[in-house]
2 protein chains.
Amino acid sequence: MSDTEPQAEQAPSTRPHTGRRRNEAAHRAILDAALKLLAESDGTPVTIDAIARAAGVGKQTVYRWWPSKGAVLLDALTDRADQDVPGPDTGALRTDLRAFIAATFDAAQHSTTASALRTLTREAARDPHLAELMQSFVGTRRTALRGLLSRGRERGELAGDTDLDLIVDQVYGVFWYRFLLGHGPLDETVAERLADSLVRGSAAV
Amino acid sequence: MSDTEPQAEQAPSTRPHTGRRRNEAAHRAILDAALKLLAESDGTPVTIDAIARAAGVGKQTVYRWWPSKGAVLLDALTDRADQDVPGPDTGALRTDLRAFIAATFDAAQHSTTASALRTLTREAARDPHLAELMQSFVGTRRTALRGLLSRGRERGELAGDTDLDLIVDQVYGVFWYRFLLGHGPLDETVAERLADSLVRGSAAV
DNA sequence: GGTTATCGAGACTGCTAGTCTTGTCAAGCG
DNA sequence: CGCTTGACAAGACTAGCAGTCTCGATAACC
């Protein structure tokens, strides 16, 4: 059971001691180890002990820089994940929305990010601190989508009384629901169908 | 910290010993205690120890009848929750859907069920066994909704190539998303807007 | 050159799921 | 009647994990 993992990253004793200065190499090793374990474990929780062992650091070193396990995990994910939020502006709501949704679905397909995100979500269910951190991570994207919809409404592509927040939640609702349960596809076809029906459903009369 | 709870249900020593026969009173006491704790704890996990103590039974008695904590919790919820799935049939898809969604939203508003369901979901994130049990619980409702949509499509109220599963997931996606995060309302107005835009979005041409 | 902050390692606390133990009690069987 | 047996309440125990604390080593800083 103790040797099932590829075992660390070789770095344990290699890394030079930096005395009273912060050891940036250790910082990186922790993030790398966290991301690696997050990506490998499909669903099963990632422990701090495992991260520390894989990074070749003491647990105290982890807790010196991050307040909780959740913080480490989220940091590891955002560190690598493309932080750039899609903000397509093709001039037409339907195509903007198609692009946005497709990009969102696509980003979640890359297996490394996917299993990391899945694990992170599961952990967030128990860790309020992490849940809060994830809220702000997700908030950025929600805001971008809302802006995109708002532009469309101003151009008259959506009815003036359209509930934009509801549309945002329909998009992310479907996304998370399928992403977490995995009972239906999240491909480009679905993205287009969803975008089209959302626009039609709230089109100006 | 040990006396914050109303403390048990008085029954501990009151309940008569049934010797070699199963004690149905204990069975009920466990379910009642589980539901009560589930309803009281908003978010914070419910422990088996707490259930056993509140029911005045030994932990072994709990595990004699249920395989895991999750099984007890789900059993407690389904035992009380209205198991009847809404299946309105008004003759028109738009009104059927409005009624179905409104009923779903409404059922989740009753505080007892709501916090129980929320806690249960959080636990399911960590307990695969419970997650599986919940799938079948939820599956019944998904099937009912899909049937409702299918009827509408057959009546020509939806385009023939409509992706019914995507609509189902939009409904439950929005529901769970808002239910768990609580950032937006789940009232009748939202139910109607959602139903209307879904029908319009996939209406036959 | 002494102080000080970081480091790796790992012991330790506290919490919880699930198992095992013990002594008790009544039902069923002879 | 009296012994066996299964369920029961209580709680000790194991195992796993988050987060804290301790310790000896090391190098920066004054």
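**Exercise 1.** Which helices each supply at least two residues of the surface near DNA strand D?

*Solution.* The model is predicted.

Step 1. Name the helices. They are helix 3 (59-65) of chain A and helix 3 (59-65) of chain B.

Step 2. Find the largest share. Helix 3 of chain B gives it, with four residues.

Step 3. Look at the whole surface. DNA strand D is surrounded by 27 residues, and the closest are R21(A), K59(A), Q60(A), K69(A) and N23(B). On the DNA side, 70% of the atoms that come within 4 Å of the protein belong to sugar and phosphate.

Step 4. Sort the residues by type. The surface near DNA strand D has 13 polar, nine charged and five nonpolar residues.

**Exercise 2.** Which part of DNA strand D lies 2.4 Å from a polar side-chain atom of K59(A)? Then describe the atom pairs formed by I48(A) and R20(B).

*Solution.* A polar contact requires N or O atoms within 3.5 Å.

Step 1. For K59(A), the partner is a base oxygen, at 2.4 Å.

Step 2. For I48(A), a backbone N or O atom lies 3.1 Å from a phosphate oxygen of the strand.

Step 3. For R20(B), an N or O atom in the side chain is 3.2 Å from a sugar or linking oxygen of DNA strand D.

**Exercise 3.** How many residues of chain A are in contact with chain B, and what is the area buried between the two chains?

*Solution.*

Step 1. Count the residues. On the side of chain A there are 31, in contact with 31 residues of chain B.

Step 2. Take the area. The size of an interface is often given as the accessible area lost when the parts come together. Between chain A and chain B, about 2700 Å² is buried, and carbon and sulfur atoms give 51% of this area.

Step 3. Find the main contributors in chain A. R126(A), Y177(A) and R200(A) lose the most area to chain B, together 25% of what that side buries.

**Exercise 4.** How many salt bridges are there between chain A and chain B? Give one of them, and state which helices of chain A take part in the interface.

*Solution.*

Step 1. The count is six salt bridges. One of them joins the side chains of D169(A) and R178(B), at 2.5 Å from N to O.

Step 2. Helix 6 (111-124), helix 7 (128-154), helix 8 (164-181) and helix 9 (188-201) of chain A each give two or more residues to the side that touches chain B.

Step 3. Helix 8 of chain A has the largest share, 11 residues.

Step 4. By type, this side of chain A divides into 14 nonpolar, 10 charged and seven polar residues.

How values were computed: Residues numbered from 1 in each chain as written. Chains lettered and ligands numbered in written order. Predicted model: local features only at pLDDT ≥ 70, side-chain atom pairs only at ≥ 80, totals over all residues. Heavy atoms only, no water. Contact = heavy atoms within 4.5 Å. Buried area = accessible area lost by both parts, 1.4 Å probe. Salt bridge = Lys/Arg side-chain N within 4 Å of Asp/Glu carboxyl O. Nonpolar A, V, L, I, M, F, W, Y, C, P; charged D, E, K, R; others polar. Near = heavy atom within 4 Å. Polar contact = N/O pair within 3.5 Å; in protein donor to acceptor, adjacent residues only side chain to side chain.
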